[in-house]
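Reader: I am new to this structure and would like to ask how its descriptions are reached. Could you take me through the reasoning step by step?

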Amino acid sequence: MSAAHPRLSINQATIKYADLATALQVTAEAGVQSIGLWREPVNAVGLDVAAQMLSDSGLRFSTHCRGGFFTLPEGPERDAALDDNRRAIEETATLAAAGAEGSTAVLVLVAGGLPEGSRDLVGARERVRDAIGTLAPDAKAAGVTLAIEPLHPMYASDRAVVSTLGQALDIAADFDADVVGAAVDTFHIWWDPQVFEQIARAGREGRIATYQVCDWKTPLAADVLLSRHYMGDGVIDFGALTRAVIETGYDRDIEVELFNADIWADAPADVVRRTAEAFGAVVAPHLP
């Protein structure tokens with residue numbers, strides 16, 4: 001097997017049912033150098049143990065998923081969500097310090113959808129901005145970048161009221177670039193008529209905290225959350241998008257994040273191998 005591209009990172013969601021030990025093992029054994037972790041598997045073993053496991057693996061740490069879900073109005077539930085995000089910031093800093101050289105302390109934020117019974121989209125977006133304002137000092141103190149991830153508009157009601165890269169950048173503009181940035185995920189932004197203009201803007205403003213790739217293919221799954229595919233299996237132009245990101249000077253790891261029930265049903269080692277192959281064939285040719 002040819003070596004995996006050095007900038008490939010496996011987002012742990014791609015091998016969702018692998019525990020942390022397995023995820024680290026199959027990633028390293030495939031010759032992949034970096035991994036993005038999720039909070040649930042980390043918390044299943046405890047942060048200190050997870051950090052030691054990551055350190056022992058020799059892998060870089062590219063992102064932590066996820067914070068956010070703070071569109072609720074003022075009250076105990078919102079306060080609890082903000083406290084949970086503070087814990088996520090602490091986890092991100094600890095794991096980035098434990099990862100190999102080149103690790104990045106990036107916490108991906110999924111804004112959250114409309115609160116139950118609400119139709120106030122504008123208000124929900126304002127609460128996202130307010131929440132990030134509340135958390136920014138904590139992130140700054142911890143040396144963590146909050147990466148606002150715009151999600152495809154089909155998720156606006158239940159997952160993310162931030163739907164475009166431009167919206168994410170408008171929110172981030174109130175804060176230092178090393179404290180609040182954006183996640184550029186091909187699955188969510190490929191359709192946007194302004195995508196190249198906004199990628200260039202994100203680069204100028206120093207806001208691209210992470211670049212994530214996977215493909216879009218129709219028909220979508222019955223659960224549209226599980227509609228991500230290996231690069232090359234769908235319609236996204238990875239050449240144009242990847243070149244646009246690289247032209248901004250982005251030099252970090254590139255994550256593959258796949259939510260797909262069929263992929264999750266495969267053996268984790270096989271998924272990592274196939275992910276590396278797809279990355280090598282479809283994304284790597286556009287990297288310097």
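Reader: What area does the protein expose, and what share of it do carbon and sulfur atoms supply?

Author: This is a predicted model, and in it the protein exposes about 11,700 Å², of which carbon and sulfur atoms supply 50%.

Reader: How many helices and strands are there in the protein, and what makes it as compact as a globular protein of its length?

Author: The protein has 11 helices and 10 strands. Its radius of gyration is 18 Å, and the globule rule gives 19 Å for 288 residues, so the two values are close and the protein is as compact as a globular protein of that length. Along the principal axes, the C-alpha trace spans about 55 × 45 × 40 Å. Buried residues account for 56% of the 288 residues, and among contacts with a separation of 6 or more, 80% are between residues 24 or more positions apart.

Reader: Why is helix α6 called largely enclosed by the rest of the structure?

Author: A residue is called buried when its relative accessible area is under 20%. In helix α6, which covers residues 165-172, 6 of the 8 residues are buried, and therefore the helix is described as largely enclosed by the rest of the structure. The buried residues are Leu 165, Gly 166, Ala 168, Leu 169, Ile 171 and Ala 172, and the elements against which the buried residues of α6 pack are α5 (121-142), β5 (145-148), β6 (180-185) and α8 (195-204).

Reader: Why is Asn 260 called buried?

Author: The relative accessible area of Asn 260 is 7%, which is under the cut-off of 20%, so Asn 260 counts as buried. Asn 260 lies in the loop between β10 (254-256) and α10 (261-265), and, when neighbours within four places in sequence are left aside, Asn 260 is in contact with Leu 226, Arg 228 and His 229.

Reader: How do you know that the side chain of Asn 260 and the backbone nitrogen of Asp 262 make a polar contact?

Author: A polar atom of the Asn 260 side chain lies 2.9 Å from the backbone nitrogen of Asp 262, and because a polar contact requires a pair of N or O atoms within 3.5 Å, this distance meets the cut-off.

Reader: Why does Thr 94 count as partly exposed?

Author: The relative accessibility of Thr 94 is 25%, and since partly exposed lies between the limits of 20% and 50%, Thr 94 is placed in that class. Thr 94 is found in helix α4 (residues 76-98), where a polar atom of its side chain lies 3.0 Å from the backbone oxygen of Glu 90. Not counting residues up to four places away in sequence, Thr 94 touches Leu 47 and Ala 51.

Reader: What makes the phi of Phe 69 worth a remark, and why is Phe 69 called partly exposed?

Author: Phe 69 has a phi near 55°, a positive value in a residue other than glycine. Phe 69 lies in the loop between β3 and α4, and its relative accessible area is 31%, so Phe 69 falls between the limits of 20% and 50% and is called partly exposed.

Reader: Which peptide bonds are described as cis, including the one that ends at Arg 66, and what is omega for the bond between Thr 218 and Pro 219?

Author: The peptide bond from Cys 65 to Arg 66 is cis, with omega near -5°, and Arg 66 is found in strand β3 (residues 60-68). A cis peptide bond also joins Thr 218 and Pro 219, with omega about 0°, and Pro 219 is found in the loop between β8 (215-216) and β9 (228-229).

Definitions and conventions. Residues numbered from 1 in each chain as written. Predicted model: local features only at pLDDT ≥ 70, side-chain atom pairs only at ≥ 80, totals over all residues. Heavy atoms only, no water. Helix = DSSP H or I, 4+ residues; strand = E, 2+ residues; numbered from the N terminus. Buried < 20%, exposed > 50% of the residue type's maximum accessible area, 1.4 Å probe, protein only. Polar contact = N/O pair within 3.5 Å; in protein donor to acceptor, adjacent residues only side chain to side chain. Contact = heavy atoms within 4.5 Å. Rg over C-alpha atoms; globule rule 2.2 N^0.38 Å. Areas by Shrake-Rupley, 256 points an atom, 1.4 Å probe, with all protein chains shown as cover.
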